[in-house]
Amino acid sequence: MGTTTALYVQIGVIFIFLILFITVSEDKLHHHQDNSPVAVMYKEWFLTYASYVILDRAVPALEDGLKPVQRRILHALKEMDDGRYNKVANVIGQTMQYHPHGDASIYEALVNLGQKELLIDTQGNWGDYRTGDSAAAPRYIEARLSKFANEVCFNADNTEWQLSYDGRKKEPVNLPLKFPLLLAQGVEGIAVGLATKILPHNFCEIIQASIDVLKGKPTQLLPDFLTGGMADCSQYNGGKKGGKVRVRAKIEVQNKTNLLIKNIPFSTNTSGLIESIVKANDKGKIKIKRVVDNTAKDVEILVELPAGVSPDLTLDALYAFTDCEVSISPNCCVIIDDKPRFMSVDELLKISTENTRQLLKQELEIKLAQLLERLHFASLEKIFIEKRIYRKIEECETFEAVIDTIDKGLKPYTKQFVREVTEDDIIRLTEIKIKRISKYDSFRADDLMKQLENDIATIRQHLEQLTQYAINFFTELLKKYGKGKERRTELRNFDVIQVQQVAVANEKLYANYKDGFIGYGLKKDEYICDCSDMDDVIVFRKDGKYQVVKVADKVFVGKDLLYVDIWKKGDERKIYHAIYLDGESQRYYVKRFAVTAVTRATEYDLTQGNKGSKIVYFSAHPNSESEEITVSLHPAAKAKNKVFSYNFGELAIKGRTAQGNILTPYPIKNIKQSNVGASTLGGRKIWLDESIGRLNTDERGRLLGEFDTGERILIVYKNGSYELTDFELTNRYEMKDLISIEKWLPEKTVITCVYFHGDKKAYFVKRFKVETSTINQKFFFVEDSKTYALLYASTAEKPVVKYEYQVGRSKATATAQLAELIDVKGWKVIGNKLTDHKITNIQTLLDTKETTVATNNNTDSLFG
């Protein structure tokens, strides 16, 4: 990586240097008509240099998907190929006969090819792309071409050749590569004013897509990375410029204090990833205890958390603030006919597949020509020997007479030959030795010619059905080399993480109410709350003005502060109650409002803006709770009732610009809060987006229900456990591990299950209510053991199942109304026996009111 970066820096410096000189030269040419050779050379040389970097260094050719250095390495390896490993130092030396840029660039390109595990078999320490460890020195490691490379990369008969840079050697212009290699390996290159970035794709999927192209079916290739991890390709845009791929590490929540990183994102390594986590911790973005790298055969990074830190929030924070999530911008650009061209990966696949088809056609045509030549000479030889034409040349005194005699002897049999007899054919006949003539076997010759004719017929058939031949070729490649190259990167949709929601409260917010300062540097003033350095703060003043500012060390927001707190954009649940005196009418107004969107550092007024207006009562309610207050009027007021109650819950929630309702025209002595009630907005509607396993209030996915304070979500897992959680939007659920997720109704929800009891070797039914109240903790209602297994679970009121079971060698079916088999009991009971026979399949008979899920339709996989 260091050499590549240095190369890019050098290219950039040269580019800027040349631009400056061209600008100066053009200025001179324009003002002074400077036609000096130097000025002209700068213009011409820059274009030459730019073209060279684009065509010969940075951007790969479409035909074989290789940069020149890669092509030269493979050609050198082919020249050295004897089936054994070669020292990389020798390979570099061989390649330097073709590549004019020194051993360092060859070594780096060779290691890069070797680590991609496709074209080169490696031996020794070739480094580790996962950890960032570099390869050993060239003298210590060895390489040879892989079987796959030998099969798809080389064919001297249909390769176009050119002289090497010094004219001493011949090298291929392009390798006759019969595979879309560019899509499998991916490539990245920076040239002058041009860049390319093609992401790697899955080997097996590329082959299948090529087959689909040949069959005329549409394709959609998506990236796959050797590092594994997860990828959101919803904005991939076919790999064209402007697209985006979000790649994440796979992180498992082991327990309340440990997170385990199992895969890393593409373009990162474990060292860099750990460094980014440590930096985020040092900056206060996340809170961790320590990071331990246990990577060996598989990636394993253990992130230990301090007590009291939420693993779910930390998981989101790792994606938001570290290299556990990276965004990659593809830019598919290749060289076609010596010109750069931008296209999608599916277009590139079509062109590459057609290129493979044409290469296969060329190979068949070459082979056909060779077989026809063999058949032609076999026919000549047969006539020459069997008709004893060789005896007629015994009396010829000159070589010309010999040629003429043989030609006349063959003429009666011209129709038996593949083509017209030439002088070269006759010369070859004269070179046949007497020993061969004397031992000539006519029957054997006939068999050979028959075999040649059959081979020719087969090739002609392949040429007539060229597309099917290409399909068979790709199918055979998949069969021979597809094993072990299955997809490593999991494709899924990612949620958008709001960094303010997951940022750790790494600061404490203070306020000086009198002087009008807020910030985390005012440690001698009044403490407000914990906050992160990414939070926004809302402040209300006694004169009715309010504003939202970014939290900082010390910010002046105006004197006589009334209320200070963290502000969350779009929070419609947090409601403010205010009573203010209008300076013009001297009436008291009451209003109830939310602040969901503002322009930061802009002052707003919750009064009517008249001079002398002020707030006399203010309160904030995070879940739109109702509030009752007692209002005491001034003793001199003319009102009959000088003390009265007011319920904010009866007042409609309006926008912040509404003037409010008149509370009283009389002067107020004081206002006291008497009671805070329930939310006036009712329960909060929560949806579950099952594609990403996250809760939301944006109506994405399935509605779980309306949730009020203290209500819970019930999750039933496939491993025979259940869990209660709150309805925080930061919760994360692994949908592949779940049977059901729904709102928990303590008095109504009953879980019915069928499970295999490992000790009793029988199947049992149990029904129970959730009796625990602890949240974020799993409770196993089926014993956590390999010999136990959950087959079915339902929260339906009267679940009915149909199951298939083994009786000897035959199978039988039965239907069971599970609610009639057992009453609702405790969650720890064994339950009632359903059957001793092995259940091979179980499925629910759905009622219109039921929502049930069978966990395993094929129990053979469980019990063998």
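**Exercise 1. Work out how much of the chain is buried and how far the chain spreads in space.**

Step 1. Start with burial: 47% of the 864 residues of the chain count as buried, where buried means under 20% relative accessible area, exposed over 50%, and partly exposed in between (1.4 Å probe, protein chains only). Before going on, keep in mind that this is a predicted model, in which local features need pLDDT of at least 70 and side-chain atom pairs count only at pLDDT 80 or more, while totals for chains, interfaces and linings use all residues. Residues are numbered from 1 along each chain as its sequence is written, and side-chain values use heavy atoms, with hydrogens and water left out.

Step 2. Turn to the spread. The chain has a radius of gyration of 40 Å, whereas a compact globule of 864 residues would have one near 29 Å; the radius is taken over C-alpha atoms, and the globule rule is 2.2 Å times the number of residues to the power 0.38. Along the principal axes, the C-alpha atoms fill a box of roughly 155 × 105 × 45 Å.

Step 3. Add the secondary structure: the chain has 19 helices and 48 strands. These are DSSP runs numbered from the N terminus (helices H or I, at least four residues; strands E, at least two).

**Exercise 2. Find the largest nonpolar core and look around Leu 477.**

Step 1. A nonpolar core is a set of buried Ala, Val, Leu, Ile, Met, Phe, Trp, Tyr and Cys residues joined through side-chain atoms within 4.5 Å. The largest one has 71 residues, and those with the most contacts inside it are Leu 119, Phe 148, Phe 179, Leu 348 and Leu 477. Helix α8 (residues 203-214) gives the most to this core, with eight residues.

Step 2. Now list the partners of Leu 477. With neighbours within four places in sequence left aside, Leu 477 is in contact (heavy atoms within 4.5 Å) with residues including Phe 148, Phe 179, Phe 203 and Ile 207.

Step 3. Apart from this core lies another, of 24 residues, with Leu 273, Ile 277, Ile 286 and Ile 301 among them.

**Exercise 3. Trace what Val 326 and Lys 244 meet across the sequence.**

Step 1. Val 326 belongs to strand β14 (residues 325-328). Val 326 counts as buried because its relative accessibility is 14%.

Step 2. Val 247 is 79 residues away from Val 326 along the chain, yet their C-alpha atoms are separated by 5.4 Å. Beyond four places in sequence, Val 326 touches Val 245, Arg 246, Val 247, Pro 265, Phe 266, Ser 267 and Thr 268.

Step 3. Lys 244 sits in strand β9 (residues 244-248). With 30% relative accessibility, Lys 244 is partly exposed. C-alpha to C-alpha, Lys 244 and Ser 329 are 4.7 Å apart, with their positions 85 residues apart in sequence. Ser 327, Ile 328 and Pro 330 are among the residues that Lys 244 touches.

**Exercise 4. Decide which backbone angles of Arg 388 and Gln 586 deserve a second look.**

Step 1. Recall the background: most residues other than glycine have a negative phi.

Step 2. Arg 388 has a positive phi of about 55° and lies in the loop between α11 (345-386) and α12 (399-410). Its relative accessible area is 43%, so Arg 388 is partly exposed.

Step 3. For Gln 586, phi is near 60°, again a positive value. Gln 586 lies in the loop between β25 (575-581) and β26 (588-593), and at 43% relative accessibility Gln 586 counts as partly exposed.
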